[in-house]
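Work through the exercises below with the sequence and the structure at hand. Each task is followed by a worked solution.

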Amino acid sequence: PVTVAALQLGWGLGAYRFTRYRTPRREPAQLCIEGDASAARLALAACVRVRDLVNTPTEDMGPGQLEDVARGLGDRFGATVEVTAGDALLEQGFPAIHAVGRASHRAPRLIRLQWGDASHPRVAIVGKGVCFDTGGLDLKPAAGMRNMKKDMGGAAHAIALAEWIMAAGLPLRIDMLVPAVENAVGPDAFRPGEVIATRAGISVEIDNTDAEGRLV
């Protein structure tokens with residue numbers, strides 16, 4: 001049988017509208033149903049967070065804006081947020097993230113959020129934060145590039161899941177990691193045929209610069 005929480009969540013998801021750039025023509029219909037809506041509201045807030053982040057175009061959702069979202073969650077829930085950006089990625093052992101994002105005018109970065117009691121089970125949450133993927137020097141065709149603002153969907157899910165866990169106060173110790181980059185075309189773009197170092201100490205030969213996700 002369908003639970004009340006499932007009905008509440010389904011109604012909320014159906015009522016979703018992306019309102020950042022225009023006002024909806026009408027207010028969504030309201031659901032009147034008996035029962036505690038707290039669980040459905042937490043799930044719905046996470047889903048809305050993902051949709052809003054993914055729907056926002058890259059101009060307003062680059063690596064820096066993803067960092068801002070994480071820092072906002074840190075302030076809200078008392079989590080620790082550490083960011084390694086730009087050339088500091090090389091100094092601290094994240095050369096592949098740096099290689100993918102170095103051609104953009106917006107510095108690549110690794111965003112790390114930590115929260116929870118040290119005695120609780122540790123859960124790592126990792127999300128791909130390629131805020132736009134041109135394909136790099138192996139440039140995507142226009143049709144393939146059209147929706148590449150969504151290539152940070154993994155990061156959106158990681159952020160929303162971390163927020164859900166913290167808002168629910170679950171007995172977990174979370175470690176969220178988001179490599180946030182823009183795979184751009186420029187004079188400093190990484191090239192096919194280059195050999196890129198990784199934090200694990202394994203060298204990777206680049207065959208196609210549109211394989212940036214596995215590098216970060």
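A residue counts as buried under 20% relative accessible area, as exposed over 50%, and as partly exposed in between. The model used here is predicted.

**Exercise 1.** Classify L7 as buried, partly exposed or exposed, and place L7 in its surroundings.

Solution. Start with the location: L7 belongs to helix α1, which spans residues 4-14. Next, take the relative accessibility, which is 43% for L7, so this residue is partly exposed. Finally, look at the surface: L7 joins V2, V4, W11, L31 and I33 in a nonpolar patch of about 510 Å².

**Exercise 2.** Find which residues touch the most other members of the largest nonpolar core, and which elements supply this core.

Solution. The core has 30 residues, and the most other members are touched by L66, L113, M176 and V178. Two or more residues each come from α2 (38-55), α3 (63-77), β2 (109-115), α7 (153-168) and β5 (173-183). Of these, α7 gives the largest share, eight residues. Now take L113 and set aside its neighbours within four places in sequence: the contacts of L113 are then A70, L73, G74, A79, T80, V81, M166, I174, D175 and M176. A separate second core holds 13 residues, among them L89, A96, A99 and I206.

**Exercise 3.** Describe the span that UniProt annotates as "domain: Cytosol aminopeptidase".

Solution. The unreviewed UniProt entry places this annotation on residues 208-215. In the model, the span is 50% helix and 0% strand. The C-alpha atoms at its two ends are 11 Å apart.

Notes
Residues numbered from 1 in each chain as written. Predicted model: local features only at pLDDT ≥ 70, side-chain atom pairs only at ≥ 80, totals over all residues. Heavy atoms only, no water. UniProt positions renumbered as here; feature names shortened; annotations may be inferred. Helix = DSSP H or I, 4+ residues; strand = E, 2+ residues; numbered from the N terminus. Patch = residues over 30% accessible without salt bridge, like charges linked within 9 Å, V, L, I, M, F, W, Y side chains within 5 Å. Areas by Shrake-Rupley, 256 points an atom, 1.4 Å probe, with all protein chains shown as cover. Salt bridge = Lys/Arg side-chain N within 4 Å of Asp/Glu carboxyl O. Buried < 20%, exposed > 50% of the residue type's maximum accessible area, 1.4 Å probe, protein only. Core = buried A, V, L, I, M, F, W, Y, C linked by side-chain atoms within 4.5 Å. Contact = heavy atoms within 4.5 Å.
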